[in-house]
Amino acid sequence: MLKKLEWDSAFFNLNVGELTLGSFSTHIDVSGFDLLYVLSKEAATCNIPSFTKTFSEEKIKFSKELQQLEAPSSAICSIFDCSYTIEDLYELAYESGKQSRFLLDTKFTESKFKELYRLWIDNSLNKQFADDILVYRENNLILGLVTFKLVKDTASVGLIAVNPEAQGKGIGGKLIRALEYFLVEKKGKSLVIPTQMTNTQACNFYTKQGYKIIEQTTITHYWKD
């Protein structure tokens, strides 16, 4: 199946398509696209005439059934209940995306990657991309954040990051547990968190938090020659 991704196309000013591997054949016309995201269940390379493979990542999704927890740390609050500096949120967004294919594929510029993640924050603040942003604060400084969206009884994390200078202090775990508490209060039953297989630090962290892998997808970029 081949479909045009309207949002990506508009943002990158390219014709971007998504193609599920196994559905490709020479009968599918891809000539109108500048970039294809090819999805497969496992690592594989396909030959698409006039396109060159540039980057591939193994995206995985972790999930856990939620249970009632103790009230979260008083250092954590909704972004809408505290003061903040937008540049601090942007910097945490960049940290969240340091393993992103939109940064690691060098066909994208770093400036475009940063624009993408700034827009992610902006659209989380206006509640297009997220229902809320939970932040961890110390001495009026925001040291971590997590964005999320709840649909019916399943929530998904968009961005999660901790300031590099504050990592290793348990802030990420506090943010996740605070989010779980909040979701249970909102009748949420499960939480899904995406990351990359190469991000071993994140994978180990989510496993220690009781999360298990529920989905694994290889995403490969093919750019038109």
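Which residue takes a positive phi just after α4? In this predicted model, the residue is K127, with a phi of about 70°. The charged end of K127 also sits over the ring of F80, at 4.8 Å from the ring centre.

Helix α4 itself has 16 residues and reaches 23 Å from its first C-alpha to its last, which is close to the 22 Å expected at 1.5 Å a residue. Its buried residues are F113, L116, Y117, I121, N123, S124 and L125. These buried residues pack against the helices α1 (6–12), α2 (86–96) and α3, and also against β6 (132–138), β7 (141–151) and β8 (154–162). Two of the buried residues, F113 and Y117, are four residues apart in α4, about one helical turn. Another pair within α4 carries charge: E115 forms a salt bridge with K112, the closest N and O atoms being 3.2 Å apart. E115 and K112 are three residues apart in the helix, again about one turn. Both are partly exposed, E115 at 34% relative accessibility and K112 with a relative accessible area of 22%.

The count of aromatic pairs comes to 15. One of them joins F108 and W223 in an edge-to-face arrangement, with 5.2 Å from centre to centre and 65° between the planes. F108 lies in the loop between α3 (101–104) and α4 (110–125), and W223 in strand β10 (residues 212–224), so the pair ties together parts that are 115 residues apart in sequence. F108 and W223 are buried. The pair of F113 and Y117 is tilted, with 4.8 Å between centres and 45° between the planes; both of these residues are buried as well. Ring pairs also link a cluster made up of W7, F11, F12, Y37, F102, F108, F129 and W223. W223 has a charged neighbour too, since K107 lies over the face of its ring at 5.2 Å from the ring centre.

Eight salt bridges are found in the whole structure. Among them, the side chains of R101 and E57 meet at 3.8 Å, N to O. This pair links distant parts of the chain, with R101 in helix α3 and E57 in strand β4 (residues 51–65), 44 residues apart. R101 and E57 are buried. A further salt bridge is formed by K149 with D131, the closest N and O atoms being 3.6 Å apart. K149 lies in strand β7 and D131 in the loop between α4 and β6, so the pair ties together parts that are 18 residues apart in sequence. K149 is partly exposed at 27% relative accessibility, and D131 is partly exposed at 29%.

A search of the whole structure for disulfides finds zero. Of the cysteines, C46 counts as buried at 15% relative accessibility, and C203 is buried with a relative accessible area of 9%. C203 is one of the residues touched by T195. T195 has its place in strand β9 (residues 190–196). At 5% relative accessibility, T195 counts as buried because the value is under the 20% limit. Not counting residues up to four places away in sequence, the contacts of T195 are E58, K59, I60, F62, A202, C203 and Y206.

Definitions and conventions: Residues are numbered from 1 along each chain as its sequence is written. This is a predicted model: local features need pLDDT of at least 70, side-chain atom pairs count only at pLDDT 80 or more; totals for chains, interfaces and linings use all residues. Side-chain values use heavy atoms; hydrogens and water are left out. Buried means under 20% relative accessible area, exposed over 50%, partly exposed in between (1.4 Å probe, protein chains only). Contact means heavy atoms within 4.5 Å. Rings of Phe, Tyr and Trp (its six-membered ring) pair if their centres lie within 6.5 Å; planes under 30 degrees apart count as stacked, over 60 as edge-to-face and the rest as tilted. A charge sits over a ring if NZ of Lys or CZ of Arg is within 6 Å of the ring centre and within 35 degrees of the ring normal. A disulfide is a pair of cysteine sulfur atoms within 2.5 Å. The expected span of a helix is 1.5 Å times one less than its number of residues. A salt bridge is a side-chain nitrogen of Lys or Arg within 4 Å of a carboxyl oxygen of Asp or Glu.
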